[in-house]
Amino acid sequence: MFLNAVIIVLQEILEASLLISVLLVFTQLFHKIWGKSFSLKTSWVAYSIILGIIGAGLYSHYTPQVSEWFDYVGQEVVNASIHIGSLILLLILAFVVPSKKITGKLMTRSRLTTFCMTGVVLLAIIREGSEIMQYVGGIAGQSGNFTPIVFGGIIGAGIGLSIGVLLYYGLMSLSIKWAYRLGLILLMLIAGNMGSQAVLLLTQADWLPFTPIAWNTSALLAEDSILGHLLYALIGYEATPSILQLVCYLSGMIMIAISPLFRKVQPHNQSLAGTN
Amino acid sequence: MRSIRLFLISSILATLVLFNFLAALQGYQSSMEEAETLFDNQMLDLARLVSNLDVSNSNTTEIRLGNDLAFQIWEDGSLLAASSNAPDELLQNFTPGFEFTNFNGYRWRTFSRFEPSLNRWVIVAERTDLRFVLAENVVLQSIFPLLLGIPLVGLLIWVIVSHGLKPLQQLSTELKNKRANDLSPIHHTDSRVELDQVIESTNGFIQRLGRVMEREKRFSADAAHELRTPISALKIQLHNLSEEIDTNHDSFLALQYGVERMQHLIEQLLWLYRATPEQFVANCKAVDLFKITQDQLAILYPGFEKKAQQIELQGDSAFVEGDQFALEKLISNLLRNANKYTQEGGKIVVRIEELEAAGEDAVKGSAEKEICLTVEDNGPGIAESDRVRVFDRFYRADSQDDTPLSPGCGLGLTIVSHIAELHHARVVLEESSMESGCAFKVYFKKIS
C-alpha cells in the first residue's frame, strides 16, 4: 500500500509541479526579456492552484456519475478532453507570445498568456488532484490502509513538490538563453505527453481505433517500475505506445517548435545573455 | 521581485525533503526485505519445532493455531498431524525450501522440511498479507519521526535563514532611512565579511557623490555671481542709454528684450540646477498653498493688469508639505505662463481645492485627500500633440514664431514639473473648462 501510494501521488504531483515550474520560469523570463511591456503577474499560480483543488474535489465527487456518460466511458472521454483542452491552451500560449522585440503595450497578449497559463495549470490540477482524491478516498477507508496511504502520500507529494521547486530554481539560476531553451524542451515534452495521453484515453474509450504498437521497451524499462512511473510523469514514457500516440506526441512537440515561443530564443541570443 | 529568503528556505527545504524522502523509500525497501528474511527464519525455526512434536501414528492430530500460521506433518505419504486451519491436501510438494500457495482464500508462504530421524515431512505456512502488514507497520513507525520532523526542520530553516539575512536587512533599512541630504558614511555595527565590501563600496560612492555635489554647489554660487554681475551692469548701462536716446527705437527695444531674456534664462537655469532633493528635504515644512498663491498673484498683478486680463483666485487655505521657496517658484511660473499665453482681456482662474485621491498612488479604499492647484485660462490653448512636450527643456509654444511674445526661455514649465516631482506631486495638462484655453493642474498630497 505504502509504495503504491508513493508512486501514484508522486506521479500526479510531479506532473503538476513540473508544469507549474516550467510556466513560472517562462513568466519570469518574459518579464526579463520584454520588461513591463509583456509582464505577467505570478499570482496566476495561486488562483489556478486554489481553483484547481476545488475543481478536483468536485470532479472526484461526481466521478461515479461522469463515468456513466457516453456508454460508461465518460471518465476516459472527460479526461481526454482535459488533456486536449490543456494542449490547446498551451499552443495558444505558445502562439500569442510576441515573436520579436516590439515596443508599445502588449496588454491583450499578456492577458491571454496569463489566462492560458492559469487554464493549463487549473486543468492539470483538476486531473491530477481528482486522481489522487479518488485513490485516497477509495483505499484509505479500508482498515489498516490509512497509515501507509497517508505516509506514502506525504512522501510522494514531498518528492514531487521538491523536484518542482528545485527544477524552478535550477532553471532560474541559468542564463536567460539556457533557461529558455531547457524550459522550451520541457514544454515540448509536456505538450507531446498531453496529446499522447488524450489519444490513449480515447482509444481506451473506443472513440479512436487501435493502431499497432510502435515499439515495446517493457523488457528494458517496465512502465510499472519506479523509474518507469517517474519517466511517465516527466516525459510521458510508455513502454508500448501505439503509432497514433506517437504521431500525436510528435505533433504536440512540433506545434510548440513552430510557434513564436520557440523562435523567440533565436534572434535575441546575444542580448539576452548580456542582460543576465 | 525575487526574494533571497524565499529562495534559500524553499531550495534548502526541497533538497532536504527530496533526499530524506528518497532515503526513507530506500530504507523502506531494504527494511521490508530484511523483515521477509526474518519471517522466513522464524518459519524455519517453527518447522524444526513442529517436526519434533510427539504425535501418535494412529489418528490425524489437529492442533489449534492462530489464523496467521498453519502446519502439516506427513509421514509415509499420510497426514500425521496438522493445525486446525490447514487443509487435508498437501500444502507443498515434498521438496525442501520455501514456496507460495493459496488456501482458505489467502496467499501463504510455505516452508517444507524433512526430518530424517523421524522420517517425517513438515510443512509450515504463514499468511503473506499479515506478514506484509506487520512488517510494513514496523518499518513505517521508523519513517514517522522523519515526516513529523520535516515541518520542524522547515521552521528551523526559516529561523536560521532569517537570522542569517538580518545584517543584510539591517543594512537595507539603514540605507532606506538615510535622508536624501545625509552624505555621511554608513557605520554598520553588525558587520559581516560578505557585507564589508558592499559597505565599503557604498561609502566610497557616497563620498564621491558628496564631492560632486559640493563642486556643483560651488559652481552654482560662482555662476550666479559671475553671470548676474555683468547682467546687472548691462541693465544699468541700458537704463543710462534710455536717458540719452529714443527708447522706442527698434534696436534699443531688441537690446532691452535680449538683456531681459538673458537675465531670465540665467535665473531659471540656476534655479533648475540648484533645486536638488537634498535642499528640498532640508527646507521641507507645512505651507499654505492658498497664501503663497495669493502673494504671487499680488507680485505678478501688474503683468495681468498690463494685458487687461481678468484674474480670479478661488478656494481656501490648504496646507501641503513642501519648500516655500520652491512652491513660490512653481506657482509664479504657472501664473507667468498663463499671463504670457493668454490674449489681452482674457480670463485666468486660479483654484485651490481638496479632492479625494484618485491617482495611481492612491491606496484602494483609503480616504486619502489631495490638494489640487489649477491654473486655467481662456487663451488659445495647447494642441493635444504638443501637450507632452510642454514640460521639455527649452520647449516654447511660440518657438516657431520669430516674434517672441515676452522674455522666456522654455524652462518655466520644466521647473514646474521638477518642483512637482520633488514634492511627489502630479502635474496634469488638460483642456480648460472655459470655452478655450488650457488648465494646468498640480495634485499635492494633503498633510494628514
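This short talk covers where chains A and B touch, and then a sheet in chain B.

Hi everyone, and thanks for having me. Before we start, please keep in mind that this is a predicted model.

Let's begin with the contact between the chains. How many residues does each chain bring to it? Chain B gives 17 residues, and chain A gives 15 residues. If you look at the chain B side, two helices each supply at least two residues: α1, spanning 4-51, and α2, spanning 128-177. Which of the elements has the largest share? That would be α1(B), with twelve residues. As for the kinds of residue on the side of chain B that touches chain A, 13 are nonpolar, three are polar and one is charged.

Now let's move along chain B to the sheet. Here five strands make an open sheet, and you can follow them in the order β8-β10-β11-β13-β12, with mixed pairing. At the edges sit β8 (310-315) and β12 (426-431) of chain B, each pairing on one side only. Going from one strand to the next, the twist averages 15°.

Let's zoom in on one edge. A quick reminder for anyone new to this: strands in a sheet pair through backbone hydrogen bonds, in either a parallel or an antiparallel way. In our case, β8(B) and β10 of chain B (residues 347-356) run parallel, joined by six bridges. To find one of them on screen, start at B:Gln310, whose bridge partner in β10(B) is B:Lys347.

Last stop: what lies across this sheet's strands β10, β11 and β13? Helix α7 of chain B, residues 324-341, does, and α7 runs at about 25° to β11(B).

Thanks for listening, everyone!

Terms used:
Residues numbered from 1 in each chain as written. Chains lettered and ligands numbered in written order. Predicted model: local features only at pLDDT ≥ 70, side-chain atom pairs only at ≥ 80, totals over all residues. Contact = placed C-beta atoms within 7 Å. Helix = DSSP H or I, 4+ residues; strand = E, 2+ residues; numbered from the N terminus. Nonpolar A, V, L, I, M, F, W, Y, C, P; charged D, E, K, R; others polar. Pairing = 2+ DSSP bridges. Axes fitted to C-alpha atoms, helices over the stretch in contact; angles between N-to-C directions.
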